[in-house]
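Visitor: I have a model open and would like to learn how to read it. Could you walk me through it, one feature at a time?

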Amino acid sequence: MSDTVESASDSLPRHIAVVMDGNGRWANKRHLPRAAGHKAGVNATRTIVENAAKSKIQALTIFAFSSENWNRPESEVTALMTLFISTITAEVKKLDKKNVRVKFIGERERFSDKLQASINESELLTDKNTGMQLNIAANYGGRWDVVNACKSLISAVQENKITINDVDEKLLNSFISLSDLPEPDLFIRTGGEQRISNFLIWQLSYSELYFVDTLWPDFSTADFDNAISWYASRQRRFGKTGQQIKEEQVS
Ligand code: IPE
Ligand code: IPE
Ligand code: MG
């Protein structure tokens, strides 16, 4: 956790998770190849990352490539991989200057050696940074994350480090991606679909879910601000009554 990110007020999300959806449709509307939509999406991503970092948000987690996206046409997957390498190379140095710490979640071993090298380098370069943490979900799937955590738990039992009776939500959570951060307070999905698409299924249990029709390349600072304002208007109850929450707020 960062020391230099000021403690956020209750109305500001500490952690935002974003499904950046709609690049393909953005390109189709313009009679452009889908890859042009992904390229345009990078500009929107840069703007949102900068805004989040400026707003003193502790962590931003973006869905860049799902474990299911391998099922797309080979030409699109190749275009995305090339774009990832060029984007990481061009952007991470700038993010480092802005004190942003970059982390990747997902099964990186499936990527090419070149892409894995740029992922590892960007994490190393920004590891000591104390500003916002940017988590990039790449070849990530929520179910993979849970299975992976279960495997780690089973290994710990086999190695006699823990017993089955020690297994509870807290222990399982400690093996899940991003367990060192607060869970996402706010989930944003652009592009009009109202689904999680196997993103952070465990971590989103109590997130406020915000869906917007805007296609990702069109998602602007104003759209981001709207999502933050919407979040501020939510009453989070975590199973309690609205009355209890109001009483806790005055005390
Ligand atoms: C999201 O945009 C980007 C990735 C999945 C990599 P899409 O490519 O899914 O765009 P649509 O949903 O087809 O418009
Ligand atoms: C989710 O979007 C994955 C990313 C944004 C990287 P998809 O476009 O792949 O999701 P589905 O297939 O419409 O559910
Ligand atoms: Mg999509």
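Visitor: How many helices and strands does the chain have?

Guide: In this predicted model, the secondary structure amounts to eight helices and six strands. Following the sequence from its start, you meet them in the pattern β-α-α-β-α-β-α-β-α-α-β-β-α-α.

Visitor: And how do I judge the overall dimensions? What radius of gyration does the chain have?

Guide: The idea is to set the value beside what a compact globule with the chain's number of residues would give. For 251 residues that expectation is near 18 Å, and the chain has 19 Å, which agrees. As a second view, the C-alpha trace spans about 55 × 50 × 35 Å along its principal axes.

Visitor: Let's turn to the ligands. Which residues surround ligand 1?

Guide: Begin with the shell, counting residues with a heavy atom within 4 Å. For ligand 1, the shell consists of Met20, Asp21, Gly22, Asn23, Gly24, Arg25, Arg34, His38, Ala64, Asn69, Arg72 and Leu80. Sorted by class, three of these are nonpolar, five polar and four charged.

Visitor: Which element gives the largest share of the shell around ligand 1?

Guide: That is α1, with three residues. As for location, ligand 1 sits in the largest pocket. Two elements, α1 (23-29) and α2 (34-54), each give two or more residues to the shell around ligand 1.

Visitor: Where are the polar contacts of ligand 1, on side chains or on the backbone?

Guide: Here you look for N or O atoms within 3.5 Å of each other, and both kinds turn up. An N or O atom in the side chain of Asp21 is 2.9 Å from an oxygen atom of ligand 1. On the backbone, a polar atom of Gly24 is also 2.9 Å from an oxygen atom of the ligand, while an N or O atom of Gly22 lies 3.4 Å from one. To see how enclosed the ligand is, take its accessible area on its own, 380 Å²; the protein covers 86% of it.

Visitor: Let me try the same steps on ligand 2. Which residues are around ligand 2?

Guide: They are Val19, Met20, Asp21, Phe63, Ala64, Phe65, Asn69, Arg72, Arg189, Arg195 and Ser197. By class, that makes five nonpolar, two polar and four charged residues. Strand β2 (residues 59-66) gives the largest share, three residues. The space taken by ligand 2 is the largest pocket.

Visitor: Which polar side-chain atoms lie by an oxygen atom of ligand 2?

Guide: There are examples on Asp21, Arg72 and Arg195. Arg195 has a side-chain N or O atom 2.8 Å from a ligand 2 oxygen. For Asp21 the distance is 3.2 Å, and for Arg72 it is 3.3 Å. Taken alone, ligand 2 exposes 390 Å², of which the protein buries 77%.

Visitor: So Asp21 appears in both stories?

Guide: Yes, its side chain has a polar atom 2.9 Å from an oxygen of ligand 1 and one 3.2 Å from an oxygen of ligand 2.

Note on methods:
Residues are numbered from 1 along each chain as its sequence is written. Chains are lettered from A and ligands numbered from 1 in the order in which they are written. This is a predicted model: local features need pLDDT of at least 70, side-chain atom pairs count only at pLDDT 80 or more; totals for chains, interfaces and linings use all residues. Side-chain values use heavy atoms; hydrogens and water are left out. A polar contact is a pair of N or O atoms within 3.5 Å; within protein, one must be able to donate a hydrogen and the other to accept it, and residues adjacent in sequence count only if both atoms are side-chain atoms. Accessible areas come from the Shrake-Rupley method with a 1.4 Å probe; for residues, only the protein chains shown count as cover. On a 1 Å grid over the protein atoms alone, a cavity is a set of points where a 1.4 Å probe fits but cannot get out, and a pocket is an open set with protein on both sides within 12 Å along at least five of seven lines; lining residues have an atom within 4 Å of a point. A molecule sits in a cavity or pocket if more than half of its atoms lie within 2 Å of its grid points. Helices (H or I, at least four residues) and strands (E, at least two) are DSSP runs, numbered from the N terminus. Ala, Val, Leu, Ile, Met, Phe, Trp, Tyr, Cys and Pro count as nonpolar, Asp, Glu, Lys and Arg as charged, and the others, Gly among them, as polar. The radius of gyration is taken over C-alpha atoms; the globule rule is 2.2 Å times the number of residues to the power 0.38.
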